[in-house]
Amino acid sequence: MSPSVRLQEMIRVIRGARTQGEERGVIQRECAAIRAQFRQADNGTRSHNLAKLLYVHMLGYPAHFGQMECVRLIASPRYNEKRVGYLGAMMLLDEKQDASLLITNSIKNDLSHSSQYVQSLALCTLACMGSAEMCRDLAPEIDRLLRASNSYIKKKAALCAVHIVRKVPELGELFTPAARSLLSEKNHGVLHGAVVLITELCERNPDTLEQFRKAVPELVQMMKGLVMSGYSPEHNVAGISDPFLQVRILRLLRILGRNNDTASDAMNDLLAQVATNTDSSKTAGSAVLYETVLTVMDIKSESGLRVLAVNILGRFLLNNDRNIRYISMTSLQKIVQTDHNAVQRHRGTIVDCLKDQDASVKRRALELSLALVSAVNIRSLMKELLLFLSSCPPELRAHTTSGIFNAAERYAPSQRWHIDTILHVLTTAGGDVRDETVPNLIQLITTATELHCYTVHKLYRALITDISVQSLVQVACWCIGEYGDLLLRGECEETEPVQVTEDDVLDALETVLQSHMSSPATRGFALTATMKLSTRITHNVDRIRSIVSIYGSCIDVELQQRAVEYNALFKKYDHMRAAVLERMPVIDKSSPGHTNGESTTIKELEPTKLTQEIVLSQEPSNQVCDLLDLLGGSGEPLQPSPSLSSTAPGPASSTAGGDLLDLLGGLDVTPAPPSVTVYEKNGVTLKLQTDRQTDTGMTVTLTATNSTDGDITGLTLQAAVPKSVQLQMKAPSGDVIPAHGLGQVTQTVLLNNPNKVSLKIRVRVCYTSQGSVCQDMVQIDSFPSPAW
Amino acid sequence: MMRFLLLFSRQGKLRLQKWFTPVTEREKKKVIREMTLMVLARPPRSCNFLLWRDLKIVYKRYASLYFCCGLEDQDNELLTLEVLQRYVELLDKYFGKVCELDIIFNFEKAYFILDEFLVGGEILETSKTAVGTAMEEAETLQETIEEHMSKPTY
């Protein structure tokens, strides 16, 4: 029986096993037999035994005992044994295994073998799993093969060189001359390998990039040849001649043309030609067009070409093929910042894609729609987004809600619209919104003074319909507590007023208090709202008194504490009650996170994707909590509430009304923080100032001044922080510091340190002073005010 | 470059795995499991592209087999669909109307063909015929040696 049938027989038996246990049994028997065979002397069946082992390995069973057999088979003089040995090496050995070093010598010998197929085995294996040491050892061999061999070997050597350069970048210089000469080959396989190698070399070494820019005309010619050539049966794919090579050439041209006018000019005509002549009815053509568009957008192309590229993307958007629509939106996302108007033209189609069945397409459409929101289209676009929210897949909901809120925050045409939008989102998807939404909405409502009546009516209606959405219920309770008198008055200009009695309102709040759906925080809101109503209603104060005293023995500690304090307010401090429960003044939105962080100029040492998320600082929530806990901080006899934030209110004064004002005043005061000079050299001074500390967040302001005679230009600051700290750099005020200390450049950095690790920040300063470029690194280990 | 190429059946059984970067056995199993779950969960006629960790995943279904590969950021997804198509065509040419059983029982041949087409995560040969020719010539080399082995010794 020929050995290979034995392999297939084994596969048949394994597949015939009916249960997992049976399969395991068969495999254990086979593995034992294989192990025994490995121990025996050479009997001509070694390669088949290894093949059997590889099959077993693919099923997921351990096969490490085959590693040494691979090494032995690779050293065998027989081709079929070598072949299976190398296959085993690629499957079982990787650079982490010690055994992999043992095959280095075999590979070295096989690289100079007389048969090109043996050479190719060695090259393939080296390119697949060669470790850094192996690569260093064998690099000269590969270089030799790149120059003097037939095209079958040259193309494999080229990709092997690519692997070596990836593993050991310094060896790139070794391959540069050979790579250059490979460009004049005719064989497509070799050309493709050469282009990949050159791409890899240029990406890693800017000097090599400079060198290869001279090859742009040659590459352009090559590409033209491919585009204009007639039908070649060997390389033709759906009417395109060798799309694989075309795409790689375009990718190389992109790297060579980036930030370089001469190179970009040289390729302008070619790109226009490819863009117009390529037939995109099949995937191959679309792939080439896609790469062309990416190249056009990345180099310094003329505006006509850019318009052509965006139009191609627009055409792709209307394509029936989902893949092409997806690709088009991915590309549009990349250029939406720079070519905003061009992308706006296709807004309609993009918004239609929101309704697509496919989850990937929906996600892309959402990202792009959010990026396209502007003051002009906010109303219509928001309608579409809200429609999308009602039917969007669950994994996208959180992202959608935060995107909608950001957009509404930036472009709201009116406060009423803004409030309506947020309420709509809360009713549709209140469970998926961020925690900061509640305090933000409350803050927004307080600022919209004319709309208090309208808001409280809307929220009341929402509350009596449904109390399951916690965020909505919390805001509704707060509003009713605050503006209950407007609700009871029964008149409203903006909307149909509800005719409610005091009992109805108290019923609604009590329902929230007693419902098992309400979270403890929500019940806290409801209880406080009930208490506040005691000064706003006239008849049912006794009811409120009784509710409050009942909750004085509630199991929930927070509620109990509140109830006890409110009880005390009724009994001992009734004279203060009216003042304490007065209407809130407008809450100030004063934290830096609320200014729009334009993402185009954010620079960080850690790479980040372009996102539109505004960092919402914790200030508003602290302020609201403080204000709600006024009762905790106002008088000495009352116990301080455990939820007092770190920015403690100032000492209370003796008069009741004064209490209120002082507390509010105390919250806002933070002493002007000291600034520390962290860098002083060449007349450039960099000062650091920390302020607005919250529990885990801190704002650092870097100020740069210049005392030399000439302007400092091109100032860039980059910052790095320990791993668990989050960093966001805001746009600097500029990059030129005027001479003689006449001006300064400031840049704000937001830090968030949730794990409270010791904070260090390393700042790299780059600038051009009197024609020379300077670059310095500064490490700051201690901060002016006690951080954590 | 391509980071990995996996072939698995509709039941999630692995038929071929090629890893172009060093990955531990444990990590390999994890990736295979996640790929299988993600790809098999996709409804028919969906988009063939997914995002997973920092990679772009391109998959295509051919009869009962799913071809799934992981790409880096700069790679062209549409071109990768063509790469998968080309590989299937090569298998088809070699085996003659290839089906899943061919790949199961002759997995080592499938690997050999792959190694003539893709190396180190990049395309090695763009010509349709060159891969087939190389395979044939290698087979003759193999046969020669087997004949040599089966010759009686004196």
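Here are a few worked exercises on a predicted model of two chains, A and B.

Residues are numbered from 1 along each chain as its sequence is written, and chains are lettered from A in the order in which they are written. Local features need pLDDT of at least 70, side-chain atom pairs count only at pLDDT 80 or more, totals for chains, interfaces and linings use all residues, and side-chain values use heavy atoms, with hydrogens and water left out.

**Exercise 1. Find out what confidence the predictor gives to each chain and to the complex.**

Step 1. Recall that pLDDT is the predictor's confidence in each residue, from 0 to 100.
Step 2. Take chain B: its average is 91, and 92% of the residues score at least 70.
Step 3. Turn to chain A, with a mean of 82 and 87% of its residues at 70 or more. Within chain A, residues 592–671 stay under 50, and the model has 120 contacts (heavy atoms within 4.5 Å) for them beyond four places in sequence.
Step 4. For the complex, the predictor gives an ipTM of 0.93 and a pTM of 0.72.

**Exercise 2. Describe the interface of chain A and chain B.**

Step 1. Start with the residues: 67 from chain A and 63 from chain B take part in the contact.
Step 2. Add the buried area, which is the accessible area (1.4 Å probe) that two parts lose on being put together, summed over both. Here that comes to about 6,000 Å², with 58% of it on carbon and sulfur atoms. On the chain A side, A:Met58, A:Arg83 and A:Phe244 lose the most area to chain B, together 13% of what that side buries.
Step 3. Look for salt bridges (a side-chain nitrogen of Lys or Arg within 4 Å of a carboxyl oxygen of Asp or Glu). The rule finds 7 across this interface. One of them joins A:Arg251 to B:Asp75, at 3.1 Å from N to O.

**Exercise 3. Locate a salt bridge that links distant parts of chain A.**

Step 1. Side chains of opposite charge can pair when their charged atoms come close.
Step 2. The whole structure holds 49 salt bridges over all chains. Pick the one between A:Lys82 and A:Asp110, whose closest N and O atoms are 2.9 Å apart.
Step 3. Place both ends: A:Lys82 lies in helix 5 (residues 79–92) and A:Asp110 in helix 7 (residues 104–111), 28 residues apart. Helices (H or I, at least four residues) and strands (E, at least two) are DSSP runs, numbered from the N terminus.

**Exercise 4. Trace a hairpin in each chain.**

Step 1. Get an overview of chain B, which has 5 helices and 7 strands in the order β-β-α-β-β-β-α-α-α-β-β-α.
Step 2. Two strands pair if DSSP finds at least two bridges between them. In chain B, strand 3 (residues 49–52) and strand 4 (residues 55–62) pair antiparallel over 4 bridges, and B:Leu51 has B:Lys56 as its bridge partner. With 2 residues between these strands, B:Arg53 takes a positive phi near 45 degrees.
Step 3. In chain A, strand 9 (residues 761–769) and strand 10 (residues 772–780) run antiparallel, joined by 9 bridges. A:Val765 is partnered with A:Asp776. This hairpin has 2 residues between its strands, and A:Gln770 in the turn has a positive phi of about 50 degrees.
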